[in-house]
Amino acid sequence: MNTVIIGRKCTPKDSFKERAEQKLGKIDKLFGGEGDAKITCSVIKNKATVELTIHNNGMFYRTQATADDMSDALDQCIDMMIRKIRRNKTKLSKKLKAGNLDDYLGDAPVEEELEYDVVRHKKTAVKPQTVDEAILQMKMLGHNFYMFENGDTGEINVVYIRHNGGYGVLEPDHNY
């Protein structure tokens with residue numbers, strides 16, 4: 001698995017990088033060595049946050065954890081990733097290496113969600129807006145996200161409120 005480790009407002013130590021490679025080895029078996037992992041570390045007010053994003057076969061898998069120690073946050077991320085994959089084992093078996101999934105996760109009882117219960121379909125008019133206008137509209141509606149046509153690019157984008165504060169913008173990437 002190709003791994004990139006990035007530090008925001010911190011520089012991860014070599015021991016952390018080695019530990020991350022070792023821990024990702026557990027998950028790497030599920031992807032058959034064909035994945036891209038990105039670990040982003042940040043430290044704010046003596047709390048370390050680790051974000052783990054894995055891209056494989058057109059799918060993204062993401063976890064995030066915060067702890068007093070960066071290694072503890074990494075361990076939590078890896079454990080959460082394994083739980084997410086285990087929880088969605090039947091649906092992911094088509095995307096991941098099928099044999100590897102059963103060998104690694106075993107036949108432990110898992111609460112599986114067999115079908116997604118879509119309770120509402122909604123159509124909405126999209127009009128060209130700037131990101132600032134879309135955030136204002138989202139706040140006026142009292143929503144956590146808002147879909148709009150970006151006036152600069154002509155693409156459909158989504159603005160959303162991030163858990164740790166601030167706003168995010170989702171833009172399509174046609175390279176995948």
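Five helices and eight strands make up the secondary structure of the protein, and the model is a predicted one. Along the sequence these elements follow the pattern β-α-β-β-β-α-α-α-β-α-β-β-β. The points below cover the whole chain, helix H1 and a nonpolar surface patch.

**Whole protein**
- Of the 176 residues in the protein, 31% are buried.
- The exposed area of the protein is about 12000 Å², and 48% of that area comes from carbon and sulfur atoms.
- Taking contacts between residues at least 6 apart in sequence, 38% join residues at least 24 apart.

**Helix H1**
- Helix H1 covers residues 14-31, which is 18 residues.
- At 1.5 Å a residue, H1 should span 26 Å, and the 25 Å between its end C-alpha atoms agrees with this.
- H1 nevertheless has a kink of about 40 degrees, centred on Gly25.
- The buried residues of H1 include Lys23 and Leu24, as well as Phe16, Ala20, Ile27, Leu30 and Phe31.
- Gly32 follows H1 and has a positive phi, near 65 degrees.

**Nonpolar surface patch**
- Val126, Met147 and Ile156 form a nonpolar patch of about 210 Å² on the surface.
- Of these patch residues, Met147 lies in strand S6, which runs over residues 145-150.
- Met147 has a relative accessibility of 34%, so it counts as partly exposed, a class that lies between the 20% limit for buried and the 50% limit for exposed.

Methods: Residues are numbered from 1 along each chain as its sequence is written. This is a predicted model: local features need pLDDT of at least 70, side-chain atom pairs count only at pLDDT 80 or more; totals for chains, interfaces and linings use all residues. Side-chain values use heavy atoms; hydrogens and water are left out. Helices (H or I, at least four residues) and strands (E, at least two) are DSSP runs, numbered from the N terminus. The expected span of a helix is 1.5 Å times one less than its number of residues. The bend at a residue is the angle between axes fitted to the seven residues ending there and the seven starting there. Buried means under 20% relative accessible area, exposed over 50%, partly exposed in between (1.4 Å probe, protein chains only). Patches are made of residues with over 30% relative accessible area and no salt bridge: like charges are joined within 9 Å, nonpolar side chains (Val, Leu, Ile, Met, Phe, Trp, Tyr) within 5 Å. Accessible areas come from the Shrake-Rupley method with a 1.4 Å probe; for residues, only the protein chains shown count as cover. A salt bridge is a side-chain nitrogen of Lys or Arg within 4 Å of a carboxyl oxygen of Asp or Glu. Contact means heavy atoms within 4.5 Å.
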